Amino acid sequence: MPETMEIYIHIPFCKRKCNYCDFLSFPAAGKQMDSYMEALRLEIARTARDKDQLLPVRSVFFGGGTPSILPPAQIENVLSQIRKEFDLEEDAEISLEANPGTLDREKLNAYYKMGINRLSIGLQSTDNVLLKRLGRIHTKEEFICNYEDARAAGFENINIDLMSGLPGQTLSGYQEELQSVLDLKPEHISSYSLILEEGTPFYEDATIKRMLPDEETDRKMYHKTKEMLLENGYERYEISNYALPGKACRHNLGYWSRIPYLGFGLGASSYYPVDGQLARFSNEPDLSLYLEAPFVSFGERKDYEVLTRNSMIEEYMFLGLRKMEGISLRDFEEQFGIHPYIIYKNVLSSYLKDGYLCIKEDRLFLTEKGIDVSDYIFRDFMLVID
Ligand code: SF4
């Protein structure tokens with residue numbers, strides 16, 4: 001059984017909905033936010049008291065939405081509640097997602113003082129025209145001001161989220177954007193390619209679709225990200241995540257390494273041992289229903305599923321292979337009592353032969369060629385057992 005766990009706190013509020021966003025997030029009034037934060041604290045307290053054996057917590061992640069939309073005291077109350085109810089490791093990573101346009105010097109100072117030690121800033125682009133098109137609420141200049149204030153407050157671990165493949169974005173423009181972020185020397189950079197999600201304004205917009213870079217340009221942006229970041233001393237530790245040595249996000253790594261986590265708040269998902277068996281389950285995604293009953297026993301949660309040995313094996317493969325270090329063959333065998341080559345004989349031999357996967361000593365990982373088609377490869381690891 002696992003020895004440590006992580007906590008995710010979902011703050012679903014944003015100032016305004018971005019044009020590409022399909023996350024569980026929405027604009028909210030002050031009163032609604034107050035009730036939500038109260039419900040959240042209740043959920044944390046009830047969950048902790050309901051569990052006899054809580055694991056030591058190695059990371060806490062405030063995600064959203066836009067957690068930085070809240071007054072810092074609200075975040076501090078939740079963090080104190082976690083400290084009170086859980087065994088938070090002394091050097092735990094405590095991250096907060098923050099969006100320019102909701103930040104100022106006072107807030108940043110307050111976050112740092114309350115013990116938040118990692119800031120993840122949703123920048124997405126440094127081109128003001130693109131930012132406006134995306135429906136973001138900030139400019140590049142506001143971001144830079146926030147970034148400098150965060151450094152002045154004491155933050156030594158900052159992530160910047162970027163996006164490529166944006167409508168109207170060119171390869172040279174993207175390169176310039178990336179360079180201007182590199183000039184700031186953040187410890188961590190995530191860069192994801194835009195995906196048009198159903199139900200978003202972008203999805204419905206024919207003009208936006210016409211403005212998207214073609215597939216080849218999109219690929220080039222993706223490769224440029226890797227090239228420029230590696231040149232600047234970053235290590236790629238996951239398909240879309242890069243960090244300076246020692247600064248990989250512990251919380252994300254935990255997720256890909258199947259460390260148990262409890263998610264608190266609207267729609268938050270969890271992966272946690274219940275009665276000795278690992279299970280996945282989710283919170284209520286409807287705000288009024290969540291506010292009515294913020295705590296529900298684990299077994300009654302949405303999509304409650306005890307993981308079978310087969311689904312654990314599948315997850316081990318497709319989550320583990322997202323990491324550039326891949327998976328340990330020995331560890332797999334120790335956990336499941338069988339060598340992966342026996343279960344995945346056909347898939348593995350074909351991908352290894354064609355150069356999509358590679359084995360070095362004990363580790364199996366994606367090659368560059370494999371990363372380019374990783375979604376297809378992961379699918380094969382899922383289908384083969386069923
Ligand atoms: S700030 Fe983030 S969560 Fe909020 S609407 Fe924009 S993309 Fe979605």
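How many bridges join S1 to strand S4 (residues 57-64), and do the two run parallel or antiparallel? I started my notebook with this point, keeping in mind that the model is predicted.

**Entry 1: strand S1 and its neighbours**

I found that seven bridges join S1 to S4, and that the two strands run parallel. Looking for a single pair of residues that shows this, I noted that isoleucine 9 stands opposite phenylalanine 62 in S4. I then looked up strand S11 (residues 261-264), which also runs parallel to S1 and is joined to it by four bridges. Here the residue I followed was isoleucine 7, whose bridge partner in S11 is leucine 262. I reminded myself that strands of a sheet pair through backbone hydrogen bonds, either parallel or antiparallel.

Next I asked how many residues of S1 (residues 5-11) are buried, and the count is seven of seven. In a regular strand the side chains alternate between the two faces of the sheet. I therefore wrote down the two faces separately, given that alternation. On one side I listed Met5, Ile7, Ile9 and Ile11, on the other Glu6, Tyr8 and His10, and all of these are buried, so that both faces of S1 are covered.

**Entry 2: an open sheet further along**

I turned to an open sheet of three strands, which I read in the order S15-S17-S16 with antiparallel pairing. Its edge strands are S15 (327-328) and S16 (357-360), each of which pairs on one side only. Between S15 and S17 (residues 363-366) I recorded two bridges in the antiparallel sense, and I noted that isoleucine 327 has leucine 364 of S17 as its bridge partner. I also saw that helix H15 (residues 345-353) lies across S16 and S17, and that the helix runs at about 90° to S16.

**Entry 3: two helices packed together**

I looked up how helix H3 (residues 105-114) meets helix H5 (residues 140-153), and found that they pack at an angle of about 35° with their axes 9 Å apart. The contact is made by Arg105, Leu108, Asn109 and Tyr112 from H3, together with Asn146, Asp149, Ala150 and Ala153 from H5. Sorted by class, the residues of this contact are four nonpolar, two polar and two charged. I added that H3 passes H5 in a right-handed crossing.

**Entry 4: around the ligand**

Which residues surround the ligand? I wrote down Cys14, Arg16, Lys17, Cys18, Tyr20, Cys21, Phe23, Ser25, Gly65, Thr66, Asn99 and Arg136. By class, I counted five nonpolar, four polar and three charged residues in this shell.

Notes: Residues are numbered from 1 along each chain as its sequence is written. This is a predicted model: local features need pLDDT of at least 70, side-chain atom pairs count only at pLDDT 80 or more; totals for chains, interfaces and linings use all residues. Side-chain values use heavy atoms; hydrogens and water are left out. A residue is near a molecule or strand if one of its heavy atoms lies within 4 Å of it. Ala, Val, Leu, Ile, Met, Phe, Trp, Tyr, Cys and Pro count as nonpolar, Asp, Glu, Lys and Arg as charged, and the others, Gly among them, as polar. Axes are lines fitted to C-alpha atoms, for helices over the stretch in contact, and angles run from 0 to 180 degrees between N-to-C directions. A crossing is left-handed if the near helix is turned anticlockwise from the far one by less than a right angle, and right-handed if clockwise. Contact means heavy atoms within 4.5 Å. Two strands pair if DSSP finds at least two bridges between them. Buried means under 20% relative accessible area, exposed over 50%, partly exposed in between (1.4 Å probe, protein chains only).
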